[in-house]
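Reader: I am new to this structure and should be grateful for a close look at one part of it. Would you kindly take the aromatic rings as that part and explain how they are arranged?

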Amino acid sequence: MNDATGSTFDRRRFLSASALGGATVVGATALGAVDPDAAFAAPTPPLDPAVAATSFAEGLITGIDGGTLLHVKGSYGERHRIQLTNATSIWKLHPTTADDVESGDGLYARGLEMPDGTIAADAVWVNIVNLDVTVRGIGKDRLALGYHGGELIGRIVPGRSTASYAGAALTDDLSGVRMGQHALVLGAWRPKDGAVDIARITVGH
């Protein structure tokens, strides 16, 4: 994933102190949106002119200290420490809390790098995936999805899974999904069984 560096040390120091002290961090979204689509959006300059540096990290969570400090091993062997604050937005199929984050999960995090190298996160997307697939099978509570020459299961989660047909508004009615359709699936990978919980399936785009 991307890395970015910059200055504005005062802002970093403020965020670092806030993270360590548990104070409320105001303006956590100054770094950008926190919805799941933002995880795949190109980095944009922070809205707050005082914030010049945004850092990103991705990888697998190898340990959690105190419920808020995540130890992460990146895809290329790099190591990250991700500090969750009381202002961090956490997504794991839906907006959630640090209690749902587990060792073995994957993540993509955005935040500010503190002087000690820890990233104070304003947004963390846990197990998020964005897949280009073909619908191969349709079941009551799942879809068989062709992906990169293989197949994976997309679980339909009641109250969470939505569909978009030809750019129309999201609906929880997935009955319009058809065999053989090309689709984009935004969802959350399930480390335990390799399936994907579907947050949104887009067809006819």
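Author: The following account turns to the aromatic rings, after a short description of the chain that holds them.

The model is a predicted one. Its protein chain contains one helix and 13 strands. In sequence order the helix comes before the strands, as the pattern α-β-β-β-β-β-β-β-β-β-β-β-β-β shows. Of the 205 residues in the protein chain, 45% are buried. If one takes the contacts between residues at least 6 apart in sequence, 55% of them join residues at least 24 apart. The chain exposes about 10,200 Å², and carbon and sulfur atoms supply 54% of that area.

Against this background, the aromatic rings may be considered. A pair of such rings is described by two quantities, the distance of the centres and the angle of the planes. Rings count as a pair here if their centres lie within 6.5 Å, and by this rule there are two aromatic pairs.

One pair consists of Phe56 and Tyr108, with 5.9 Å from centre to centre and 35° between the planes. Planes under 30 degrees apart would count as stacked and those over 60 as edge-to-face, so an angle of 35° makes this pair tilted. Phe56 belongs to strand E1, which covers residues 55–65, while Tyr108 belongs to strand E6, which covers residues 106–113. The pair therefore ties together parts that are 52 residues apart in sequence. Phe56 and Tyr108 are both buried.

Tyr108 also takes part in the other pair, and its partner there is Trp125. The centres of these two rings are 5.7 Å apart, the planes form an angle of 40°, and the pair is again tilted. Trp125 is found in strand E7, residues 119–126, and Tyr108 in strand E6, so this pair ties together parts that are 17 residues apart in sequence. Both Tyr108 and Trp125 are buried. Through these ring pairs, Phe56, Tyr108 and Trp125 are linked into a cluster.

A polar residue elsewhere in the chain may be added to the picture. Gln83 lies in strand E3, which spans residues 79–83. Its relative accessible area is 9%; residues under 20% count as buried, and Gln83 is therefore a buried residue. The side chain of Gln83 makes a polar contact with the side chain of Thr68, at 3.1 Å.

Key: Residues numbered from 1 in each chain as written. Predicted model: local features only at pLDDT ≥ 70, side-chain atom pairs only at ≥ 80, totals over all residues. Heavy atoms only, no water. Phe/Tyr/Trp six-rings, centres within 6.5 Å; stacked < 30°, edge-to-face > 60°. Helix = DSSP H or I, 4+ residues; strand = E, 2+ residues; numbered from the N terminus. Buried < 20%, exposed > 50% of the residue type's maximum accessible area, 1.4 Å probe, protein only. Polar contact = N/O pair within 3.5 Å; in protein donor to acceptor, adjacent residues only side chain to side chain. Contact = heavy atoms within 4.5 Å. Areas by Shrake-Rupley, 256 points an atom, 1.4 Å probe, with all protein chains shown as cover.
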